[in-house]
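Please open the structure in your viewer and keep the sequence beside it. The tour below proceeds by selections, each followed by a description of what is found there.

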Amino acid sequence: QKAGCSFTFLPYPGLAGKFSEESFSGLALLHRDVHGEPLGVHWAYSKLLLHHGILPHMPHLQAPPDHGYAETDVHTTGVPAEWLQEWGPDIPEFSYSVVMRNCLDRHGERAGCTVFGAAESFQVLMTALGHLHNLVTAMLLSCEHGGSKCSLRRHLRYPDRRTALNELEQVKQHWAAKGAA
């Protein structure tokens, strides 16, 4: 928006998740550019998984037709009992999953929702994000299991700083090579 573009001109968001047993489970909102390419992931539905250091594998995307939109259903799923015991009453007993129920084209006519495999670049990015998420969580939080009850470290130990710098340099080199390809 700072560049003068409104997000309202972007396509209706898709969902990132997993298709199994003839049903789709959307775990994150996928913002797309005008060509349908992923711009970013919003952890709208699976924040609880991130809270526990789990970055779910999301090999599939679900989207309405180009310039269309969708009606969605939100489902809840219970969290494992050991999480509730470990984290206590501040953790909700459920997490969300979203699926597009009815997709409509630009004229409001019913159209099929499309489920397709995520591009390799999206999978590579999500794998790198998962790796960095776990690394940073372990470095910055001062308890073994992570999560909201852990305080931040006052200082980052030298070996952790060196590891973080090396990891960031590897990610930078990887994406620079992808941009040049």
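To how many disulfides does the count come in this chain? The count comes to one disulfide. The model is a predicted one, and this disulfide is a suitable place to begin.

**The disulfide**

Select Cys 103 and Cys 113, and show their side chains. These two residues form the disulfide, with their sulfur atoms 1.9 Å apart. Cys 103 belongs to strand E6 (residues 94–104), whereas Cys 113 sits in the loop between strand E7 (110–111) and strand E8 (114–117), so the pair ties together parts that are ten residues apart in sequence. Now look along the bond between the two sulfur atoms. The disulfide is right-handed because the torsion about the S-S bond of Cys 103 and Cys 113 is about 110 degrees.

Switch to a surface display and compare the two cysteines. Cys 103 has a relative accessibility of 2% and counts as buried. Cys 113 has a relative accessible area of 25% and is partly exposed.

**The whole chain**

Return to a cartoon view of the entire chain. The chain contains four helices and eight strands. Followed along the sequence, these elements give the pattern β-β-β-α-β-β-α-β-β-β-α-α. The chain has 181 residues, of which 31% count as buried. Its exposed area is about 11800 Å², and carbon and sulfur atoms supply 56% of that area. Consider also the contacts in the chain with a separation of 6 or more: residues 24 or more positions apart account for 59% of them.

**Strand E6 and its partners**

Select residues 94–104, which make up strand E6. Is this strand enclosed by the rest of the structure or open? Eight of the eleven residues of E6 are buried, so the strand is largely enclosed by the rest of the structure.

Add strand E5 (69–78) to the selection. E5 and E6 run antiparallel and are joined by ten bridges. For one example of facing residues, select Glu 71 and Asn 102: Glu 71 stands opposite Asn 102 in E6.

Next, add strand E7. E6 and E7 also run antiparallel, with two bridges joining them. The bridge partner of Leu 104 in E7 is Arg 110. Five residues lie between E6 and E7, which form a hairpin, and Gly 108 in the turn has a positive phi of about 85 degrees.

**Strand E1 and its partners**

Select strand E1 (residues 14–20), which runs antiparallel to E2 and is joined to it by seven bridges. Leu 15 stands opposite Leu 29 in E2. E1 and E2 form a hairpin with two residues between them, and Glu 21 in this turn has a positive phi of about 50 degrees. Most residues other than glycine have a negative phi.

Now add strand E4 (residues 60–63). Three bridges join E1 to E4, and the two strands run antiparallel. Within this pairing, select Gly 17 and His 60, which are bridge partners.

**Two loop residues**

Move to His 67, in the loop between E4 and E5. This residue is not a glycine, yet His 67 has a positive phi of about 65 degrees. His 67 is exposed, and its relative accessible area is 55%.

Then select Glu 37, in the loop between strand E2 (23–32) and strand E3 (38–42). Glu 37 counts as partly exposed, at 45% relative accessibility. Apart from its neighbours within four places in sequence, Glu 37 is in contact with His 31 and Arg 32. Add Pro 11 and display the C-alpha atoms: those of Glu 37 and Pro 11 are separated by 9.9 Å, and the two residues are 26 residues apart along the chain.

**A buried glutamate in helix H4**

For the last stop, select helix H4 (residues 158–180), where Glu 167 is found. Which residues does Glu 167 touch, not counting those up to four places away in sequence? They are His 131, Leu 132 and Leu 135. Glu 167 is buried, yet has no salt bridge. To view the nearest side chain of opposite charge, select Arg 162, which is 12 Å away from Glu 167.

Notes:
Residues are numbered from 1 along each chain as its sequence is written. This is a predicted model: local features need pLDDT of at least 70, side-chain atom pairs count only at pLDDT 80 or more; totals for chains, interfaces and linings use all residues. Side-chain values use heavy atoms; hydrogens and water are left out. Buried means under 20% relative accessible area, exposed over 50%, partly exposed in between (1.4 Å probe, protein chains only). Contact means heavy atoms within 4.5 Å. Accessible areas come from the Shrake-Rupley method with a 1.4 Å probe; for residues, only the protein chains shown count as cover. A disulfide is a pair of cysteine sulfur atoms within 2.5 Å. Lys and Arg count as positive and Asp and Glu as negative; His and the chain ends are not counted. A salt bridge is a side-chain nitrogen of Lys or Arg within 4 Å of a carboxyl oxygen of Asp or Glu. Two strands pair if DSSP finds at least two bridges between them.
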